[in-house]
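The notes below are meant for a colleague who is opening this structure for the first time. They go from the ligand site to single residues, and then to the chain as a whole.

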Amino acid sequence: MSLPERRPIHRLDPTTIQRIAAGEVVERPASVVKELVENAIDAGATAVSVRIQGGGIRRIEVADDGSGIPPEELDVALERHATSKLGPGDGLERIDTLGFRGEALASIAHVSRLRLVSRTPDRSEAAGIATAASRDVQRFEEGRSVGTTVEVVDLFFNTPARRKFLHAPAVEQLEVARAVEHLYLAHPSVALRLESDGREIAEFPATRDLREASVHVLGREMLEQSFTVDTELPGLGRIEGVLGRPHLAAGNARRLYLSVNGRTIESRSIAQAVRAAFVQYIPRTRFPIGVVHLEIPLDHVDVNVHPTKREVRFARESEVADAIRVAVRRALISAPDPARPPEGVPRGRAAESRSFASGPPPKDSGPEGSPAARPRRWAPAAVVQRRLSDMPPVPGLEARRGRPAIALLGVLDALYWVGTTPTGLVLIDQHAASERLLFEALLADGRLARQILVDPLTIPLTASERAAWEAHRGAVRNAGFEIEPFGGDRFRVTSVPAYRGHRARPEAVRELLDELAAGTRPTNPDGIVERVAASIACHTAIRAGDPIAPEELVRVLDALYEKAPAVYSCPHGRPILLELPRSRLDQWFLRTGVGP
Ligand code: ADP
Ligand code: MG
């Protein structure tokens, strides 16, 4: 192992200090963990262990096998604006280390009881320093292998006002877990483990393979259900990434892990660029998941814009975003899809079904029913053939309470039901409809009925999913999901929610946990109860793609009009029903005034 060359810690000059983005470095346990792990990475560590107690509020310990701090520099390491990473006269323009302000240790020491023990390779003993709120400095020696351990006890014990803003330990633990995941995915070559209250939460092995790293954080589906992007952003830098295929898209943006030059970042514009690449592949309420590494020339990224270094500024932000969108889009379109049959092989009973063409029909189109049998040269390669599955005739829905009578014709892609009304056409999103119903039921009763599984299913949960479960056990149980630890990352799902004869897929519990972990999504309804109900409804509803019997849809529609006659959108605001009156169709086909 070769450790990075190290310069002595020195105080920054006043001009540089003035240019440093001011603000609170230590917001919560997760920010302490982030700073300490970044220090370990800067010190060339190959393995870092993070242990927390009480969500990190009671205790945080970060231990590494990096280059250590010489004993004579321990005092100055805890001083503000003292760093070994910026040489005298180095500007803030070309920063290639994660730290550079010399503020983290000082800020953390200021609001906690801090203990730092470190051994450099040339010494046989480790030297330590301990402080309480930066005072009562004590020095000591003890045994330790080469590297550094920083222990932070009683965060904010001397600033009760700030302590008050912390959340419950379970929630803080969730944020720590997320920070650790993010750091690992930015630096998968450094092994990282997280232990909370004596239990192992995450064990991320060192790897050079980004896909392997993504599997450890995002789940096993990433092994087969992902595609890679690895290309130049012409004239701007490079992108390397592993992204989940569209059907893995999540209910929130938090499962997209971005980094620039090894630095974990949050960036709306980059996240949006990645998402824009998925347009037409995922609904507007879903977000791509995956890992994206950007390499941008150092002098084109300003890392000194945010006190916790969470955000950066790009010199040519919109060009970078655009290049990312193009690169990801290309990768998405050209990635072979393992789940999809090769072009030209129809799925299901295509020849008997009527098809919805998404482009103009071929000039030599034969009689109805035959196009699926001949090669459709005019269809762009990526366009999926969609069709109305032929369904046994469905009893029409009688008109009632302001709803027109509906005759269902069939279902498109096991998602949109198509029907006629006396005045035109109607399209119904079966997922949105059933989601709305579950939402109403949950709000009314506070819980869903459960169905015990005769064959409990064992599923793996990621670190943040497990943490979400710890934090929201009650809500998860009220939703009808019963899960129990089954060793390691395995959990057993023993019951699932059931509603009107339909039961949720056991795997839906993972989607629910994910969403609870994230807490927010842009289209959420107000209020915590409503939000939880909406998430639960969304993940237990009849899914897009779940085949359902027409009778069941009839039941759903009936109940929908009965319970919430005026409601035309799911709890997340997506429409449930689209009516296309005959007059609109006539307009569209330029028939106005022409007659039938
Ligand atoms: P910065 O990382 O911005 O330099 P910090 O306050 O985080 O500021 O750390 C101050 C200095 O202490 C660092 O520049 C580094 O020299 C030293 N240091 C901190 N943590 C470690 C560590 N885990 N291993 C080696 N040196 C460290
Ligand atoms: Mg630092």
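1. A polar contact, as the term is used here, is a pair of N or O atoms within 3.5 Å. With that cut-off in mind, and remembering that this is a predicted model, one can begin at ligand 1, where a backbone N or O atom of A104 lies 3.3 Å from an oxygen atom of the ligand. A backbone N or O atom of G102 also lies 2.8 Å from an oxygen atom of ligand 1, while D64 contributes a polar side-chain atom that lies 2.8 Å from a nitrogen atom of ligand 1. The protein covers 96% of the 520 Å² of accessible area that ligand 1 has on its own.

2. Which residues are the closest to ligand 1? The ligand is surrounded by 21 residues, and the closest of these are N39, T83, S84, K85 and G102. By character, the shell around ligand 1 divides into nine nonpolar, seven polar and five charged residues. Helix 2 (29-42), strand 4 (82-83) and helix 4 (104-110) each supply at least two residues of this shell.

3. A residue to look at next is T149, which has its place in strand 8 (residues 147-153). With a relative accessible area of 16%, T149 is buried, and its side chain makes a polar contact of 2.9 Å with the side chain of R144. Leaving aside neighbours within four places in sequence, T149 is in contact with E61, V62 and A63, with R115, L116 and V117, and with R144.

4. Is T16, a residue of helix 1 (residues 14-19), buried or exposed? T16 counts as buried, because its relative accessibility is 8% and the limit for that term is under 20%. Once its neighbours within four places in sequence are set aside, T16 is in contact with L86 and L92. The C-alpha atom of T16 is also separated by 9.6 Å from that of P88, although the two residues are 72 residues apart along the chain.

5. A search of the whole structure finds three aromatic pairs, and two of them are described here, beginning with Y184 and F204. Their ring centres are 4.7 Å apart and their planes stand at 15°, so the pair is stacked. Because Y184 lies in helix 6 (residues 169-186) and F204 in strand 10 (residues 199-204), the pair ties together parts that are 20 residues apart in sequence. Both Y184 and F204 are buried.

6. The aromatic pair of W469 and F491 is edge-to-face, with 5.3 Å from centre to centre and 75° between the planes. Here W469 belongs to helix 12 (residues 463-471) and F491 to strand 25 (residues 490-499), so that the pair ties together parts that are 22 residues apart in sequence. W469 is buried, as is F491.

7. The backbone also deserves a check, since most residues other than glycine have a negative phi. A133, which is not a glycine, has a positive phi of about 50°; this residue is found in the loop between strand 6 (126-132) and strand 7 (135-142), and it is buried, with a relative accessible area of 10%. F156 likewise has a positive phi, near 65°, in a residue other than glycine, and its place is in the loop between strand 8 and helix 5 (160-163). At 1% relative accessibility, F156 counts as buried.

8. Helix 7 (residues 210-218) can be read from its start to the residue that follows it. At the start of helix 7, a side-chain oxygen of D209 reaches to within 3.0 Å of the backbone nitrogen of R211. The buried residues of helix 7 are L210, A213, S214, V215, V217 and L218, and just after the helix G219 takes a positive phi of about 110°.

9. Turning last to the whole chain, its secondary structure comes to 17 helices and 27 strands, and 52% of its 596 residues count as buried. Among contacts with a separation of 6 or more, 69% are accounted for by residues 24 or more positions apart. The chain exposes about 28,000 Å², of which carbon and sulfur atoms supply 53%.

Definitions and conventions
Residues numbered from 1 in each chain as written. Chains lettered and ligands numbered in written order. Predicted model: local features only at pLDDT ≥ 70, side-chain atom pairs only at ≥ 80, totals over all residues. Heavy atoms only, no water. Near = heavy atom within 4 Å. Polar contact = N/O pair within 3.5 Å; in protein donor to acceptor, adjacent residues only side chain to side chain. Areas by Shrake-Rupley, 256 points an atom, 1.4 Å probe, with all protein chains shown as cover. Helix = DSSP H or I, 4+ residues; strand = E, 2+ residues; numbered from the N terminus. Nonpolar A, V, L, I, M, F, W, Y, C, P; charged D, E, K, R; others polar. Buried < 20%, exposed > 50% of the residue type's maximum accessible area, 1.4 Å probe, protein only. Contact = heavy atoms within 4.5 Å. Phe/Tyr/Trp six-rings, centres within 6.5 Å; stacked < 30°, edge-to-face > 60°.
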